[in-house]
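Please look through the sequence and the 3D structure shown here, and keep both open while you read. The paragraphs that follow lead from single residues to a helix and a sheet, and then back to single residues again.

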Amino acid sequence: MSSRFPFPIPNGWFQVAYADELAPGAVLPLAYFGQDLVMYRSERGLARVLDAFCPHLGAHIGYGGKVSGDTIVCPFHAWRFDGAGTCVEVPYAKKIPAKAQLRSWPVLERNGILWVWHHAEGKAPDWEIPAVPEYGEPGWSPYLRHRWKIKTRNQEMAENGIDRAHFAYVHGAADVPESEVTFEGPRFRSLQKLEFQTPRGPMRGAIESNTWGFGLGLVRFTGICETLLLGCTTPIDLEHVDVRFSFSVKREHGNDTNKGVGGAIIDDIVKQMGEDIPIWESKIYQPRPVLCDGDGPIGPFRRWSRQFYS
């Protein structure tokens, strides 16, 4: 446990890379969940994630390791491990030691993102990241990517989305509408219906957020310009998270991710992140907060959060 946050690293699916960051034959060292990992893509194109340190003499396979077929070769003594973490060859030995094994991590490649399943007790995944229908569609722009390393925890960031009052005092919002919030299994959904003032008069719109565990927040902005945000937050250790925002804008009337109304929406969201970060990095978690009637459903959210901790 950390001194500021009395909970362990959560279980669930978390982004560890974009799919295009791992070409066939590529090896990538990772540091997530308080552990060192190695990710590689086999010559057949399958992404694999293993514990990083060779059980032989401790070399980090992510630094200098090479892909051979569906296996990865340790740079120190050329011990070769398959995607399940089993040592399949020691080139100078007649017998492979029985304990020559690396932990293999479940990997999911979806929506142009590589996800890893973390579970403190080693349990298999019991839910999946949903496919995003907008991803890869010609009517939607490629991801515009932003990334931060923040000294906070997943639950703290997720809780921010239902804390209605802070939008006025941190982000300067003139009016924060009531949200319809529902919790179901590993997902919670929030819907805000809005009215935008435009040169052509009022226009109705909405912000719909679907959160899957603590790893993915899928947000759709409709109304003036349809915009999609995949907000992915991955635990690095007990004090830090790796946050990636992937934006896509529906291509209408010449709009693209860095132009027009879509660009303005993205700029505003990035600006709000900059306003939240100093508070996240300096606050503590209050296990028994003194709440009032305008705070939003913080109690139900925290009860929903308990399922992600072993």
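Cysteine 54 counts as buried, because its relative accessibility is 4% and the cut-off for buried is under 20%. This structure is a predicted model, and a search through the whole of it finds zero disulfides. Cysteine 54 is accordingly in no disulfide, and the nearest cysteine sulfur, which belongs to cysteine 74, lies 4.0 Å away. A disulfide needs two cysteine sulfur atoms within 2.5 Å, so a separation of 4.0 Å does not qualify. Another cysteine to find in the model is cysteine 232, which is buried with a relative accessible area of 0%.

From here we can turn to a helix. Helix H3 covers residues 260–282, and its 23 residues should span 33 Å at 1.5 Å a residue, while the C-alpha atoms at its ends are 35 Å apart, which agrees with that expectation. Where along H3 does a kink lie? A kink of about 30° is found at aspartate 276, shortly before proline 278. The buried residues of H3 are Gly262, Gly263, Ile265, Ile266, Ile269, Met273, Asp276, Ile277 and Trp280, and as you read that list against the structure it helps to keep a general rule in mind. An α-helix has 3.6 residues a turn, so residues three or four places apart point the same way. Alanine 264 also has its place in helix H3, but this residue is partly exposed, with a relative accessible area of 46%. Alanine 264 and cysteine 225 are 39 residues apart in sequence, and their C-alpha atoms are 9.9 Å apart in space.

Threonine 227 offers a view of H3 from the side of a strand, for this threonine lies in strand S17, residues 227–235. Is threonine 227 buried or exposed? With a relative accessibility of 1%, threonine 227 counts as buried. Leaving aside neighbours within four places in sequence, threonine 227 is in contact with Trp140, Val219, Arg220, Phe221, Ser248, Val249, Gly262, Ile265 and Ile266. Among these contacts, Gly262, Ile265 and Ile266 also appear among the buried residues of H3.

Next comes a sheet. Strands of a sheet pair through backbone hydrogen bonds, either parallel or antiparallel. Here three strands form an open sheet in the order S1-S11-S10, and their pairing is antiparallel. The edge strands are S1 (12–18) and S10 (107–110), each of which pairs on one side only. On average, and with direction ignored, neighbouring strands of this sheet are turned by 30° against each other. Strand S11, residues 113–118, is joined to S10 by four bridges, and these two strands run antiparallel. If you start from valine 107, its bridge partner in S11 is valine 116.

The last stop is the backbone of two loops. Most residues other than glycine have a negative phi, and most peptide bonds are trans. Phenylalanine 33 has a phi near 60°, a positive value in a residue other than glycine, and this phenylalanine lies in the loop between strand S2 (27–32) and strand S3 (35–41). Alanine 78, in the loop between strand S6 (71–73) and strand S7 (80–81), likewise has a positive phi, near 65°. As for their surroundings, phenylalanine 33 is buried, with a relative accessible area of 4%, whereas alanine 78 is partly exposed, with a relative accessible area of 31%.

Notes
Residues numbered from 1 in each chain as written. Predicted model: local features only at pLDDT ≥ 70, side-chain atom pairs only at ≥ 80, totals over all residues. Heavy atoms only, no water. Pairing = 2+ DSSP bridges. Axes fitted to C-alpha atoms, helices over the stretch in contact; angles between N-to-C directions. Buried < 20%, exposed > 50% of the residue type's maximum accessible area, 1.4 Å probe, protein only. Expected span 1.5 Å × (residues − 1). Bend = angle between axes of the 7 residues up to and from the residue. Contact = heavy atoms within 4.5 Å.
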